[in-house]
Every structure is written in structure tokens, then in C-alpha cells.
Amino acid sequence: LVNSNVSVVIIGAGPAGLTLALQLNKAGIDCIVLEKHTRQYIETRTRAGVIEQNSLDVFEKLGVADRMKREGLRHNGIYLSFEGVRHHIDFGKYLNDKAITIYGQQEVIKDLVHACLDRNVALEFEASVTGILDIDGATLKVFFERDGVSQAMNCNFVAGCDGFHGVSRSAAPISTCHVYEKEYPFNWLGILADVPPSSPELIYAFHKNGFALHSMRSPSISRFYLQVADNEDLSNWSDQRIWEELALRLQAENFQLKIGFIKDKSLTPVRSFMIDHMQFGNLFLAGDAAHIVPPTGGKGLNLAVADAVTLYQGLFDYFHKGIKSTLLSYSSRRLASVWRVQEFSDFMTNLFHLSSPIDSFEHRLQKARFTYITTSEAASKSIAENYVGI
Ligand code: FAS
Ligand code: PHB
């Protein structure tokens, strides 16, 4: 691989990188994916769970949606809960047959990796990119470490799909960009439990102790999240305390929380991050490398897929039609969509998280917002269309 040439180097085998690689492969455009971790690591990392219809359609077109459609849980609505009052948002009531599919991100990664290997997409694991040179040139150079050996690749384009902590963003002249950041004053404590879901659909709940989310992965596995302090230590949360707090925050009429074995616990910061450019010469950022949204809207993975589709369209036009204008509009086209998702994710985060004292002005605003949603068709439809994906 030393000093070899390829049209597109994709850094990172996450949803963005793998979706882009499969699209390029299908169009006969040569690319290589460089992933720093092992296959086993990326296929077992518990992360997102909501697949929008738009993302499912992309996976369907790529021929990788069979298991997702078979094993994923198709949901036509979600429950919003405020101090014990439940409100159902029925997507079908407003949006024909639009729905979401609940399917763990690690399952998506397994399906995409399997397809890449099956189709002989160049996918190198334990290949950690250390630097990118000449991003404005016709030939870019990507440096990476593999088995302790430094190697380099020449290419025409680099797709930085290496997540928030990757290297591609630092290879761009970020100092010339406007960076927008918002750190929310809390974290999410996520658990995966061997217990059947206690609800047929997701429940987003505000409680005076804080936010809770009831999600799931299968008829026998549930996924939950609790709002905790932003400096929280996981060791402060025994299984018993987690179940007691979930039961308290998710309580409502006719609701009984099922408890079981907790097999995974993790803390995730809740933050937003944006930059006002997603492309720098022939370096393109996609997914978490370019933006972070709070997980409250279930959007991170879906944004990564949508970025990969738009970037692919630009690369297709360049390599197959000799048109570069589509590539040049990548940033502006994606940023408009991502800001919409940022706004929705921020709205959902502010609606359901405790960040001011009970009976404070902010808390009463939250209560008024929830009451409006439960009494206005227009407000419920707005939540529905944003949640299933515009
Ligand atoms: P990813 O981070 O998925 O993938 C980037 C890949 O690049 C990784 O495999 C990484 O190993 C690799 N990489 C990094 N640096 C590299 C280098 N130098 N060289 C080579 N490879 C490199 N979203 C939701 O919607 N709901 C959730 O509940 C949710 N929970 C999350 C929990 C956690 C702990 C985290 C971190 C994220 C969560 N997200 C959630 C967001 C998440 O799903 C992301 O939005 C999604 O993975 C973004 O996909 P990518 O942009 O492909 O980046
Ligand atoms: C999940 O199931 O992991 C999940 C669902 C909805 C969210 C975030 C995470 O908003």
C-alpha cells in the first residue's frame, strides 16, 4: 500500500464512511476506507438506534437493508411524557406511511462492513490516519500507521468520515471557519438491558428529577437513557439506582417498568458542534467529523448517511460527468439541512431535560410547550415530520 494511488480515500468506517464507500463502489469509483480500530471493535460499539426512512431507503438502494427490515422494529409513533402525562405522536396520522426503524448502530455497521467485504471494497482495519497533505492540490497525500509501519497514499479526494475526535477536521484551516458550539449542562447515562421493552414505542419523559428515554433493540432487549450531571461518575450508578430512577421518571398511568440484567452502561456528553464549511479544497468532512447534534432527536447516524449521499452525488458528477459544481455545493447543501436538525434536536433537548429549578420561568415554559404539543395538531405534526426526517 506504500505510495499507492486511489481516487478517494475515506477516513473512518462509521455510517458515513461505509455508506460512501458502498455508493462509490457501486458506481465503479475506486476508493479505500482506512479505519483505525479492529472490525470486532466497531461492530460491537453500542451507539445510536433510530434509523430514519430516508436512511433505510439509502440502505435499500445499496442492497444492505434486508436484515434491518427483517430484524429492525418499525415504529409509527413515539410517546412524549411530561410529569407523568403521556402524549402519543402518531406519524401515520400526519405523514402517510412514514415511519422509523429501531435497529442498533452496531448492527448497521455489521451489515455495511459485510457488504463492503463481500463486494471487495478496499477496507483496511487498524490503519490509523496520522495526517493529510496538499488538500488544495490535485493530488492529496494521506499518511497512516499500520502494524507500526508508516505508510502513505496519494488520492484525488479525501472524505473525512472519522468522527468528532478524528484527524480530518484538524487538517482543514479551521481558523478561517466560524465554529459554533453548545455544551449542555448534563450527560446521558445509557444502558442496554436483557429485558423486553415496557412500551411498544419510544418514550421521551420529563420528570422533576430529570430526563429519561425508553428505547429498545429487539423484543427482548431494551435501551434506556437517564439525564445525569455533566461531571457524573458511572460508579455512582448501581443497577438498583438506575432501575429505581427509570421507574420514577417514566411513571405514568398503566405503565409498569420491566427490569432485568444490565449488560452495558455508558456515559455520553450532550453537545452541539457546527462549522460553517464542510469542504476545504479536495478534503470533504462528513458525519460527526463535521457536526455533532444532541442525541435527543436520534439524528447523528442519519445525518452521517445523508452527508455521505450528498458527497457521493458530487463525486459521481465529477468522475462520470466531468462536473465539479455539484461537489462545490456540498457544504452549502448539507449545512442548511444540518441546521434544521440542530434546531429540532436542541428543541427536543430543551423540552425534556431539567436545567432550571422546578417552578422557575424556564420550567413553566417547558410545561407550556408540552401542553401546546398535546393540544395542537400543528405542533404534533411538526414534531412528527422532524422526527421521521425531512
Ligand atoms: P463515527 O464516529 O461513527 O465513525 C468514525 C470512524 O472513524 C470510527 O470508526 C473511528 O474509529 C474512525 N476513526 C477516527 N479517527 C480515525 C483515524 N485517525 N484514522 C482512521 N479511522 C479513524 N446518535 C444518535 O442518533 N443516537 C444516539 O443515541 C447516539 N449515541 C451515541 C453514543 C456515543 C457514545 C457516541 C460517541 C455517539 C452517539 N451517537 C448517537 C452519535 C453517533 O451515532 C454518530 O452520530 C454516528 O456514529 C456518526 O457517524 P460517523 O460520522 O460515521 O462517525
Ligand atoms: C437509541 O435507541 O439508542 C436512541 C433512540 C432515540 C434517541 C437516542 C437514542 O433520541
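User: What makes the approach of ligand 1 to the side chain of Arg-45 a polar contact?

Analyst: In this predicted model, an oxygen atom of ligand 1 is 3.1 Å from an N or O atom in the side chain of Arg-45. The cut-off for a pair of N or O atoms is 3.5 Å, so this pair passes and gets the name.

User: And how do you know that Glu-35 and Lys-299 make polar contacts with ligand 1 too?

Analyst: Run the same check. For Glu-35, a side-chain N or O atom is 2.7 Å from an oxygen atom of the ligand. For Lys-299, a backbone N or O atom lies 3.2 Å from a ligand oxygen. Both values fall within 3.5 Å, so both count.

User: How much of ligand 1 does the protein bury?

Analyst: On its own, ligand 1 exposes 1000 Å², and the protein buries 87% of that.

User: Which elements give two or more residues to the shell around ligand 1?

Analyst: Those are α1 (15-26), β9 (128-133) and α8 (300-321). The largest share, three residues, comes from α8.

User: What makes Ala-16 part of that shell?

Analyst: A residue belongs if one of its heavy atoms lies within 4 Å of the ligand. There are 33 such residues, and Ala-16 is listed among the closest, along with Glu-35, Gln-105, Val-129 and Asp-288. By class, the shell divides into 15 nonpolar, 11 polar and seven charged residues.

User: Why is the space lined by Pro-15 and Ile-42 called a cavity?

Analyst: The name goes to a space where a 1.4 Å probe fits but cannot get out, so this one is a cavity and not an open pocket. About 40 Å³ of space lies in it, which puts it over the 30 Å³ mark used for the count of one cavity. Its other lining residues are Arg-45, Arg-47, Gln-105, Gln-106 and Ile-109. Helix α6 (residues 105-118) gives the most to this lining, with three residues.

User: What makes two of those lining residues charged?

Analyst: Arg counts as charged, and Arg-45 and Arg-47 are both in the lining, so they are the two charged ones, next to three nonpolar and two polar residues.

User: Why are Leu-56 and Phe-59 in helix α3 called buried?

Analyst: Buried means under 20% relative accessible area, so being listed as buried puts Leu-56 and Phe-59 below that line. Gln-53, Ser-55 and Val-58 are the other buried residues of α3 (residues 53-61).

Key: Residues numbered from 1 in each chain as written. Chains lettered and ligands numbered in written order. Predicted model: local features only at pLDDT ≥ 70, side-chain atom pairs only at ≥ 80, totals over all residues. Heavy atoms only, no water. Buried < 20%, exposed > 50% of the residue type's maximum accessible area, 1.4 Å probe, protein only. Helix = DSSP H or I, 4+ residues; strand = E, 2+ residues; numbered from the N terminus. 1 Å grid on protein atoms, 1.4 Å probe; cavity = no way out; pocket = protein on both sides within 12 Å on 5 of 7 lines; lining within 4 Å. Points joined across faces, edges and corners; volume = space filled by probe spheres on them. Polar contact = N/O pair within 3.5 Å; in protein donor to acceptor, adjacent residues only side chain to side chain. Areas by Shrake-Rupley, 256 points an atom, 1.4 Å probe, with all protein chains shown as cover.
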